[in-house]
Amino acid sequence: MHTTNPCRNGSKVQETTINVYDFHQRTKHSLSQYARGPDGLDWDTQPDPFRTYAGSERFTLPLHAREIETAYTDLYHPGRISSAALTLRHISALLELSLGLSSWKVYGATRWALRNNPSSGNLHPTEGYIVFPGTSELPAGVYHYHVYRHSLEQRCAVNALDALMGNCFLFGLSSLHWREAWKYGERAYRYCQLDVGHAIAAVRYAAATLGWSVTLLEGWSDTQISAVLGLSRDDDFVDTERESPDVMLQLECKPDNSDAASSSRDANTLIRQLAPGSWNGKANRLSPANRVNWDVIDQIDTFCTKPATTPDVVCPTDKPVLAESRTGLDAVSVIRKRRSSQAFDGNSPLPLSDFYRILDCLQPRKAVPPFDTLAWAPRVHVVLFIHRIDGLTPGLYVLPRSATGEQLLRNNLREKFDWTRAPICPDWLPLYHLVSANSRNAARTVSCHQAIASDGAFSLSIIAEFDETVKETPWRYRQLFWEAGMIGQALYLEAEVANFSGTGIGCFFDDAMHEILGIDNTVLQSLYHFTVGTAEKDARLVSLPPYGHLEQMDTE
Ligand SMILES: Cc1cc2nc3c(=O)[nH]c(=O)nc-3n(C[C@H](O)[C@H](O)[C@H](O)COP(=O)(O)O)c2cc1C
């Protein structure tokens, strides 16, 4: 690491000195040592949580998401939600329900915003953009979503984007790694990728409330994403922190297999059509003082740069339609009430039917959020510490998310595990009992001694097919975290629906978790932990509405 000013050049051309295996190894937390991070928090360099492009034209978005009445249970039933029109109201709702604010919390003199997507340490490194074909309400161009103002900043104005005809537009995501690195140092890169996964799923669920489909454009290179979103425009990032390109999502307002819709997948056509456009806005600097640069993050980001590729063709295996959710809540209410809990009651059991429904939501199904977004077969699986589920013996269980994954897990986990099917488990849900135990202490210890991992109904570790995925295609290291983050987002929402709460756990002792499972190589690696329980409310916190500050700004 070194102190730097101006901030890193985001064009990913610097010399690479680290590979995925070295990075992954050195950013493991262990019982004896945490991964390299700052000694304490340097408040002088605390990054601004909101990116602004000064000088860009602003389009205010109306706040009408609460008018969307889609039933939560309908999100999982393809065809039940009719496709909403491509209006500014609906785009506004999509942005609000995915990356928008959900509330402000006040404690004494301190006030902070929470969002509909979660983020490690509430630092929110993920930025959102839309690439829009143009309507009477919003001209064609590239827009940055300004979360605090709930407005669109027009980065590029262009006469027309014919490549986006056919009721479709693009939603791009990028990361400001520095926001996480400020607090977490080298391991922050992993957290940024997990946050991207949460954000992809948040966009998918928000789009589903409108009856829209979402596809991750897996073929695009990072260079193409940067070119379309304007991230490679050096002049707009003078003396500021750069953003790294993550994903481009295609949103379709009607299932449309026409040529026009599929041509939008061609990045180069879009780049050509944006070429005559006029770019506006200069990115704000996030940290006022000179900041520490975690060089290893820049190096791994360069190493994991994605080239253009031919996407896989994936056909999810047939599974019965998900059981109706017993919540009477509408989807918007569930999305908005999602919260991370800092403490669980250590007592309440989760009914078995709710537990099986939660797990069933983690399996990919055609046209069902969030995993229908992905252009690849599942590469991450779930190992569970069961503490308090009615009808289940406490202990360790495993949910492989594909037949290939199951074989890999059977071949690589501890030999003495018994691999018997969990009782009264639906045929299509491959949940296996591994060993009976009171695993509460173990769960807490491996999750950096956090009591949330032991005081809930269950906690879990997301295990990736590591070697097979990253050996030849290092950029897929990032995709593994995205998939794990998407599982986290599904768990957050489903926990709310069961009147429980979830919390993502990025802080865990990697190899201590592997030791429990008998993993002593890199065929499988744990990438994320999560916990679900009954929340203990923190009565000291006061909640304020998410956009009250906009009314104040209007009257100023
Ligand atoms: C990738 C990720 C890792 C997280 N790790 C932890 C953790 O180790 N411990 C914890 O208490 N909360 C953890 N959280 C929860 C965040 O602190 C929480 O999302 C953030 O404070 C915002 O609050 P909200 O989720 O209620 O919006 C994590 C969240 C994410 C998305």
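I started at the ligand and found one of its oxygen atoms 3.3 Å from a polar backbone atom of serine 119. Note to self: this is a predicted model.

Next I looked up the ligand's nitrogen atoms. A polar side-chain atom of glutamine 450 sits 2.7 Å from a nitrogen atom of the ligand. I also found a ligand nitrogen atom 3.1 Å from glycine 504, where the partner is a polar backbone atom.

Then I checked how covered the ligand is. On its own, the ligand would expose 620 Å², and the protein buries 89% of that.

Which elements give two or more residues to the shell around the ligand? I got β5 (110-115), α4 (188-209) and β20 (501-505).

I went through the shell itself. I have 23 residues surrounding the ligand, and Arg339, Ser340, Gln450, Gly504 and Gly506 are the closest. Sorted by class, the shell comes out as eleven polar, eight nonpolar and four charged residues. Gln450 and Gly504, both on the closest list, had already turned up in my contacts, Gln450 through its side chain and Gly504 through its backbone.

New entry, helix α8. I wanted to know why α8 (residues 295-303) counts as largely enclosed by the rest of the structure. Seven of its nine residues are buried, so that settles it. The buried ones are Val296, Ile297, Asp298, Gln299, Ile300, Asp301 and Thr302.

Last lookup: what do the buried residues of α8 pack against? I listed the helices α1 (20-26), α3 (177-184) and α4, plus the strands β11 (244-252) and β14 (291-293). I had met α4 before, as one of the elements giving two or more residues to the ligand shell.

Key: Residues numbered from 1 in each chain as written. Predicted model: local features only at pLDDT ≥ 70, side-chain atom pairs only at ≥ 80, totals over all residues. Heavy atoms only, no water. Near = heavy atom within 4 Å. Polar contact = N/O pair within 3.5 Å; in protein donor to acceptor, adjacent residues only side chain to side chain. Areas by Shrake-Rupley, 256 points an atom, 1.4 Å probe, with all protein chains shown as cover. Helix = DSSP H or I, 4+ residues; strand = E, 2+ residues; numbered from the N terminus. Nonpolar A, V, L, I, M, F, W, Y, C, P; charged D, E, K, R; others polar. Buried < 20%, exposed > 50% of the residue type's maximum accessible area, 1.4 Å probe, protein only. Contact = heavy atoms within 4.5 Å.
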